[in-house]
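Let's take a friendly walk through some side-chain contacts. Have the sequence and the coordinates open as you read.

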Amino acid sequence: MPRTKGDHEARRRDVSEAVWRVLAAHGFGGLTLRAVAAELDATTGLLTHYFPAKRDLVAHALDLLERRTAARPRRPAGKGMSAVRAVLLDVLPLTAEATDSNRIWVSSWDTALADPALSGEYARKYAQSRDKLRDLVAAAQQLGELPAGDPARIAAGAQSFVLGLVVQALFAPSAFPPHHQVELLDDYLATLTSSPSSSGDDVAPS
């Protein structure tokens with residue numbers, strides 16, 4: 001009997017799930033047609049129907065990663081510093097799902113750095129995240145919850161802190177369990193709220 005559209009869509013979902021499992025277990029370095037085929041209990045010949053070349057497989061994996069990250073549940077943002085905190089908490093590997101997503105993101109950095117087009121796209125994604133964070137920081141300043149300072153600079157520092165914490169938590173999960181990640185983030189945010197100036201403009205010359 002001929003395959004129906006429903007059969008085809010179901011097979012595509014199965015393939016995507018297999019790609020995700022390979023990424024979660026082995027990262028982009030272990031993403032191959034052979035590995036996906038083994039996960040799917042299929043032949044590599046079947047997968048070439050979906051991914052004629054390795055680049056097609058990588059492109060699908062990156063798209064899958066972005067869609068799953070965007071669909072992940074987010075904390076209620078609130079206003080002011082509660083919104084800043086919620087956005088940063090959403091980045092951290094505090095759950096099994098968030099850990100898988102972060103492991104895959106970090107493993108994709110090498111792939112992106114090796115491809116000028118992907119590298120530029122990643123730079124834009126992180127810039128967009130900083131812009132969102134900058135607007136939240138500015139709102140917190142307007143509410144008087146953060147001292148005066150360049151919100152773009154504060155956002156860049158916060159993004160750098162949380163991404164660094166992600167990497168440490170992935171490499172040493174026993175040293176950085178979820179509750180400790182939250183504590184460290186709160187400690188960092190406390191330094192922002194207590195700082196007399198977050199811009200660095202008032203630092204005396206040496």
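What follows looks at one buried serine and then at several salt bridges.

## A serine in helix H1

Please keep in mind that this is a predicted model. A good place to begin is Ser16, which sits in helix H1, the stretch covering residues 5–26. Is Ser16 buried or exposed? Its relative accessible area is 13%, so Ser16 counts as buried, the cut-off being under 20%.

Which residues does Ser16 touch beyond its neighbours within four places in sequence? The contacts are His60 and Leu64. With His60 there is also a polar contact between the two side chains, at 3.0 Å.

## From helix H1 to helix H4

One step along from Ser16, have a look at Glu17. Glu17 forms a salt bridge with Arg68, and the closest N and O atoms of the pair are 2.6 Å apart. This pair links distant parts of the chain: Glu17 belongs to helix H1 and Arg68 to helix H4 (residues 54–71), with their positions 51 residues apart.

How accessible are the two partners? Arg68 has a relative accessible area of 27% and is partly exposed. Glu17, at 35%, is partly exposed as well.

## Arg134 and its two aspartates

Now turn to helix H7, which spans residues 116–142. Arg134 forms a salt bridge with Asp131, where the closest N and O atoms lie 3.3 Å apart. Why are these two separated by about one helical turn? Because Arg134 and Asp131 are three residues apart in helix H7.

Arg134 also forms a salt bridge with Asp135, and here the closest N and O atoms are 3.1 Å apart. As for accessibility, Arg134 is partly exposed at 29%. Asp131 is partly exposed too, with a relative accessibility of 37%, and Asp135 falls into that class at 45%. These values lie between the cut-offs of 20% for buried and 50% for exposed.

## A network, and the overall count

Some salt bridges join up into a group. Glu66, Glu121, Arg124 and Lys125 are linked in a network of this kind, so those four side chains are worth displaying together, using the cut-off of 4 Å between a Lys or Arg side-chain nitrogen and a carboxyl oxygen of Asp or Glu.

How many salt bridges does the model contain by this rule? The count comes to 10. Among them are Arg68 with Glu17, Arg134 with Asp131 and Arg134 with Asp135.

Key: Residues are numbered from 1 along each chain as its sequence is written. This is a predicted model: local features need pLDDT of at least 70, side-chain atom pairs count only at pLDDT 80 or more; totals for chains, interfaces and linings use all residues. Side-chain values use heavy atoms; hydrogens and water are left out. Helices (H or I, at least four residues) and strands (E, at least two) are DSSP runs, numbered from the N terminus. Buried means under 20% relative accessible area, exposed over 50%, partly exposed in between (1.4 Å probe, protein chains only). A polar contact is a pair of N or O atoms within 3.5 Å; within protein, one must be able to donate a hydrogen and the other to accept it, and residues adjacent in sequence count only if both atoms are side-chain atoms. Contact means heavy atoms within 4.5 Å.
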